[in-house]
Amino acid sequence: MIPKSPGFQWLYSLTNHEKRIPDKYSSTAFSTDRYIQLLKSLGNPHHNNIPTIQILGTDGKGSTLAFLEEILIQSGKRVCSFISPHLINTEERCRLQGESIPTQELESLLLEVRNKAQILDGITFFEVLNTVFWLWVRKEQPDFVLLETGLGGRLDTTTICQPTLKILTRLDRDHIRLLGKTMNSIAHEKLAALVPDCLVIITPQSKFLRPMITNYLRQHHIPALWVDDLYHPHILQRHSDFWTL
């Protein structure tokens with residue numbers, strides 16, 4: 001159920017590409033320009049020097065974030081995570097130590113964003129929630145920030161960050177109508193979120209895609225660690241509460 005408060009009602013009045021996907025994946029429908037302007041109007045809360053990890057790809061983004069979040073928490077770190085989509089409540093999208101942002105705090109931040117966003121045409125549901133998340137991060141000052149990419153990568157709002165590390169999960173066919181009909185075109189949309197001089201950890205990929213990914217990384221001077229090359233785990237024991245590797 002959506003709260004009746006003004007901030008939530010405004011949020012749910014905005015264009016939501018998760019429910020109504022546009023015909024084209026373009027910088028008109030998925031403009032990062034609006035989002036950058038909105039962040040700037042709020043003092044660029046994403047410029048915070050907090051180690052930030054963006055997780056992108058097709059399969060396993062959410063589980064990768066969940067595992068990493070728990071590892072960091074168990075090691076004594078404070079972690080803010082942004083996930084998408086939510087399962088039941090909007091508050092799930094912003095997490096601190098694995099717990100959702102309080103409803104009243106989210107409402108307050110939504111109103112703060114609304115005051116700045118009203119001058120921007122076409123601001124979307126996802127852009128507003130990303131902005132709210134960065135304001136919350138600035139307030140909480142965690143040790144780490146984890147970002148789960150939404151659609152694609154090149155034009156996704158989570159790509160607008162100051163990354164310490166990026167993780168590329170397995171690439172596969174998804175959102176074919178928007179990202180392209182071939183694996184190469186889909187992969188390029190996601191690889192475009194990688195940036196020079198920022199290390200990317202690459203999980204096991206299709207053998208057909210690996211040469212293309214390797215070539216892209218070389219051309220754009222992106223350092224990478226391939227999990228396949230570094231680790232060869234073997235499952236020794238499966239248990240309902242744990243696995244031994």
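**Whole chain.** Colour by secondary structure to bring up 9 helices and 10 strands. The model is predicted. Of the 245 residues, 49% count as buried. Now turn on contacts. Among those between residues at least 6 apart in sequence, 72% join residues at least 24 apart.

**The largest nonpolar core.** Select Val 113, Ile 123, Val 128, Phe 133, Trp 134 and Trp 136. This core has 35 residues, and these six touch the most other members. Next, colour the elements that give two or more residues to the core. The helices are H1 (6-11), H2 (32-41), H4 (103-117) and H5 (125-140). The strands are S2 (79-82), S3 (94-96) and S5 (144-148). Which element gives the most to this core? H5 does, with 10 residues.

Apart from this core lies another, of 16 residues. To find that second core, select Leu 168, Ala 187, Ala 193 and Ile 202, which are among its members.

**Val 113.** Go back to the largest core and centre on Val 113, one of the residues that touch the most other members. Leave aside its neighbours within four places in sequence. Val 113 is then in contact with Trp 10, Leu 38 and Leu 42, and also with Val 128, Thr 131, Val 132 and Leu 135.

**H4 against H5.** Hide everything but these two helices. Two packed helices are described by the angle between their axes and the distance between the axes. Here the axes of H4 and H5 come within 9 Å and cross at roughly 115 degrees. H4 is therefore roughly perpendicular to H5. The crossing is right-handed.

Show side chains at the interface. From H4, pick Glu 105, Leu 106, Leu 109, Leu 110, Glu 112 and Val 113. They meet Val 128, Thr 131, Val 132, Leu 135, Trp 136, Lys 139 and Glu 140 in H5.

**Ser 81.** Move to strand S2 and select Ser 81. Is Ser 81 buried or exposed? Its relative accessibility is 0%, so Ser 81 counts as buried. Now add Glu 69. A polar contact of 2.7 Å joins the side chains of Ser 81 and Glu 69. Expand the selection, skipping neighbours within four places in sequence. Ser 81 is in contact with Leu 65, Glu 69, Arg 93, Cys 94, Arg 95, Phe 133 and Leu 146. Phe 133 is also among the core residues that touch the most other members.

**His 46.** Next stop: the loop between H2 and strand S1 (52-56), where His 46 lies. At 6% relative accessibility, this histidine falls under the 20% cut-off, so His 46 counts as buried. Show the side chain of His 47 as well. The two histidine side chains make a polar contact at 3.2 Å. Not counting residues up to four places away in sequence, His 46 touches Leu 39, Trp 134, Ile 160, Cys 161 and Gln 162. Trp 134 appeared earlier, among the core residues that touch the most other members.

**His 220.** Finish in the loop between helix H8 (210-219) and strand S8 (224-226), and select His 220. Its relative accessible area is 33%, so His 220 is partly exposed. Which backbone oxygen lies 3.0 Å from a polar atom of the His 220 side chain? That of Tyr 216. Last, draw a distance from the C-alpha of His 220 to the C-alpha of Ala 192. The two residues are 28 apart along the chain, and these atoms are separated by 9.6 Å.

Key
Residues numbered from 1 in each chain as written. Predicted model: local features only at pLDDT ≥ 70, side-chain atom pairs only at ≥ 80, totals over all residues. Heavy atoms only, no water. Helix = DSSP H or I, 4+ residues; strand = E, 2+ residues; numbered from the N terminus. Buried < 20%, exposed > 50% of the residue type's maximum accessible area, 1.4 Å probe, protein only. Polar contact = N/O pair within 3.5 Å; in protein donor to acceptor, adjacent residues only side chain to side chain. Core = buried A, V, L, I, M, F, W, Y, C linked by side-chain atoms within 4.5 Å. Contact = heavy atoms within 4.5 Å. Axes fitted to C-alpha atoms, helices over the stretch in contact; angles between N-to-C directions. Parallel < 35°, antiparallel > 145°, perpendicular 65-115°, else oblique. Left-handed = near helix turned anticlockwise from the far one by under 90°.
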